[in-house]
Structure formats: structure tokens, C-alpha cells
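Q: Could you walk me through how to read a few features of a protein model? I would like the general idea and then the case at hand.

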Amino acid sequence: MEVIFRSAFLSRAERKITPGWKKLIRRMNSPILPRISVITPTYNQGHFIENTIHSVLDQGYPNLEYIILDGGSTDGTVDILKKYERHLIWKSEKDRGQSDALNKGFRMATGEILAFINSDDIYEPGALRKVGLLFACNPKISWLTGRCRIINTQGREIRKLITYYKNFWLLFKSYTLLLVIDYISQPATFWRRRVIEQIGLFNEDLHLTMDYEFSLRVGTKYKLWVTNQTLASFRIHSASKSTYIVEHFDEDLAVARRYARSNFQVYLHRLHNKLITLSYLQMQ
């Protein structure tokens, strides 16, 4: 929804005597930013979660709901969450894995725009305002993604070639291509509430590629919108799920088979996985 309040509605005299009218006009000429609910699932990520929390709260987004679902961490994560409990909603209890935690969070969420960011990843400064404005100004957008960097434990950008590779395929916004290459970066992706209401929640049987399977489901109903803005950074470290390369691509291929429209697409997906696996192994 957008509210417009033009300066023409004020007479010259009113403009002179109304304190701060220019500031008021500027504010009312801007779209109303939608409520964004961000979910963070976490378990024993005490080394990184405070950095993630700051990347969300320091956005200064005026209509934010931040929910953290902890799976019963024993590494000091709960003490960190208590420090910020005035600014977010959190729970710490045993769960059935990341997908289960995400689904709990989305059931709790009240925002019009939904997203999740893992407890070792971060949003780039100003990302939520950019996203909020895009959704506010274009009601046709239901599914939005942007660019995403790859960083190491110190927050330094790494593997730029992979980032360029994904950004190239992102330009095509093709569902057929998505069946072959998972070019969407989860930390930089956002949905309207209506998407989850129609598509359903994350598949709790999946533990490595639940976001890819969700994208393939969403893509059957909704158009992907892409912004060239870098919205997030994905962190790679020794304990991250991204280190399980073979297991990840095995599950990834099984997901692609469910949605593929031909055996040739499955073949291309398998071939692509082999090439990417070799590339990752060369980087280690």
C-alpha cells in the first residue's frame, strides 16, 4: 500500500506557518514500508550469531520483527540472546533440525515480508530498507532475490569467482535454468506472506537443500524478481553445512529429479554438480 500526500494540498500560507512541513511532505510522499519478519535458526553458533544479530538490528529498519529459534545450544548462545531480548523474539528448545526451526519461526511471524538468515550469515548495510522499498513500490513482487557475497570467518570476501558465476545466471531469472543450477542465494531472498500461505512451509525431511526445494516449489507459481543490489553475505567455515559438498549435491540432485520436466534436465543438473564439486575441491 502507498500513501501520497502532495505539497499542492497545502496553501502558500500554510507552508509558511506549518512547522517542519517539508519534512512532513517528504515522509508522506514515501511508500509505507511493509513489516519484515526475519527468522534465524541456530544451534551452537556462538562464535558468529552476535555478528548476525547486529547485521539485522543495525539495519535500522522501522518495521522489523526478528525471531531467533535456538535448538538448545550449549555454547553460550543463550547468554547472547538474552543480551538482545528487548529487540527480538527468541526461544531455545530442542528441535528436529533447521527446517523444523524455520517452520516454527514462520508460524510465529506476523510480517507481510518473510525471510530467513542463518546464524553465521549477515545482511549488508541498508539491505532491508532496499527490500522494503521494492516490495512497497511494486505489489506484483512476491518473490525477490539479490546478490550475495561469500565471506570467511573473519568476514573477508572470498571465492569471488563463484559469486560472479551465480550473479551471471541470476540475470536470466529462468525457472528452467533453476532446475539445472541453483543460482539463488538464500540469505538474499525474501517472500510475501501469500507465497508461504499458498506453497506451504519448508520440507522437514530435508536438511541441506530445503531452501532449493522451496525455491522450486515457489517457482511453479510465482515469478522471480531480481535486484542487482548485494543484500547479504554467506559465511563459509569449518562447521558450516556448505562443507558437506558431496552430501549436499546428492540431496540437491534428488530434489531436482522431483521437479525436472525431462531426463535431459536431470542429466545437466548431475553434470553441473560434478563440475562444481571439482571446483570446490580445487579451492580447499
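Q: Which element gives the most to the lining of the largest cavity?

A: Happy to help! This is a predicted model, where local features need pLDDT of at least 70, side-chain atom pairs count only at pLDDT 80 or more, and totals for chains, interfaces and linings use all residues. Residues are numbered from 1 along each chain as its sequence is written, and side-chain values use heavy atoms, with hydrogens and water left out.

Rolling a probe the size of a water molecule over the atoms shows where empty space is left. Here, α10 gives the most, with 4 residues. A cavity is a set of points on a 1 Å grid over the protein atoms alone where a 1.4 Å probe fits but cannot get out, and lining residues have an atom within 4 Å of a point.

Q: How many cavities of 30 Å³ or more does a search of the whole structure find?

A: The search finds 1, and the largest cavity holds about 70 Å³ of space. Its lining includes Trp191, Phe202, Asp211 and Tyr212. Two or more lining residues come from each of β7 (189-192) and α10 (210-219); helices (H or I, at least four residues) and strands (E, at least two) are DSSP runs, numbered from the N terminus.

Q: Is Thr77 buried or exposed?

A: Buried means under 20% relative accessible area, exposed over 50%, and partly exposed in between (1.4 Å probe, protein chains only). Thr77 counts as buried because its relative accessibility is 0%. Thr77 sits in helix α4 (residues 77-83). Beyond its neighbours within four places in sequence, its contacts (heavy atoms within 4.5 Å) include Thr42, Asn44 and Asp70.

Definitions and conventions:
On a 1 Å grid over the protein atoms alone, a cavity is a set of points where a 1.4 Å probe fits but cannot get out, and a pocket is an open set with protein on both sides within 12 Å along at least five of seven lines; lining residues have an atom within 4 Å of a point. Grid points are joined across faces, edges and corners, and a volume is the space filled by probe spheres set on the points.
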